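Student: Got a minute to walk me through this one? I'd like the overall fold and then some side-chain detail.

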Amino acid sequence: VDRATVLIRNKILDLSLRPGQPVSYQYLVENLQLSRTPIREALSRLTTEGLVIQETNKGVTVAPLDVREIFELMDAYTVALRIAGHHCKFSDDLLADVIEMQEKQIQALKIHDVLEGSYWSAKIKSRIMATSDNHYLSMFHQIMMSHAQRLICLVFSVESKDPVFFDKQVNELQQRLNSELLEAIEKRDNVTLTSTLTEQAQVFRSRMGNLFMRQELSEFIVSS
């Protein structure tokens, strides 16, 4: 079931299963080489995460991306990052872990592996949040990261269609923000860490806004 959940979730995140697309058991059996029982359990988990919708007599569909809901999610995502920064307790191994994760993120994006890049982007924030030792805040944060990862992967995927622009984003923007994040963690400075994470959320919102303006997300997102 765990494997089935990961495989189906990744298909949703990398847009192989597009927002609003019906999902058949037969498709999942044939393409992921899974049996129906773990698929059923995995879809139940993904329904709880909000990535798929199951309706009686209507089957299963990938949760659509709605303009209004996206920007509501971005507000909640910003709050989740601010919470992570404010409640971070700076464990001794946090800096080394974040450095390793950032390197994996950058390497993935350099070869345009947007699914892997979005995974490490979300994982870095979750690792910071985990130091709080607050179970309820961590649950809220994890829900936000699950939804945000789909948006991160979507933005990466669209931006990667322009290799020059995408590489510039990776080499300049990502590295600058990552350096600021490491500096805040190294100094064990909650105020600076919160500010840096907030800036990352704002930059991501700006990147998504630019794609909206150029109508490059229209095939994935429905109007409110």
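Tutor: Let's start with the whole chain and then go to single residues. It's a predicted model, so local features need pLDDT of at least 70 and side-chain atom pairs count only at pLDDT 80 or more, while totals for chains, interfaces and linings use all residues. Residues are numbered from 1 along each chain as its sequence is written, and side-chain values use heavy atoms, with hydrogens and water left out.

Student: How many helices and strands are in the protein chain?

Tutor: The protein chain has 9 helices and 5 strands. Those are DSSP runs numbered from the N terminus: helices are H or I with at least four residues, strands E with at least two. From the N terminus the order is α-β-α-α-β-β-β-α-α-α-α-α-α-β.

Student: What radius of gyration does the protein chain have?

Tutor: 18 Å, which agrees with the value near 17 Å for a compact globule of 224 residues. That's taken over C-alpha atoms, and the globule rule is 2.2 Å times the number of residues to the power 0.38.

Student: And what share of the residues count as buried?

Tutor: 47% of the 224. Buried means under 20% relative accessible area, exposed over 50%, and partly exposed in between (1.4 Å probe, protein chains only).

Student: Switching to H4. What span does that helix reach?

Tutor: H4 covers residues 67-87, 21 residues in total, and reaches 30 Å from its first C-alpha to its last, close to the 30 Å expected at 1.5 Å a residue. The expected span is 1.5 Å times one less than the number of residues.

Student: Which residues in H4 are buried?

Tutor: Among them are Ile70, Leu73, Met74, Tyr77, Thr78 and Leu81. Their cover includes helices H6 (114-130), H7 (135-159) and H9 (190-213).

Student: Okay, Thr198 in H9: buried or exposed?

Tutor: Thr198 is buried, at a relative accessible area of 10%. Leaving out residues up to four places away in sequence, Thr198 touches Thr78 and Arg82, where contact means heavy atoms within 4.5 Å.

Student: What lies 2.7 Å from a polar atom of the Thr198 side chain?

Tutor: The backbone oxygen of Thr194.

Student: Last one: what does Gln149 touch?

Tutor: Gln149 lies in H7 and is buried, also with a relative accessible area of 10%. Beyond four places in sequence, Gln149 touches Leu13, Leu115, Ser118, Tyr119 and Ala122. The C-alpha atoms of Gln149 and Ser118 are separated by 5.9 Å, though the two residues are 31 apart along the chain.

Terms used
A polar contact is a pair of N or O atoms within 3.5 Å; within protein, one must be able to donate a hydrogen and the other to accept it, and residues adjacent in sequence count only if both atoms are side-chain atoms.
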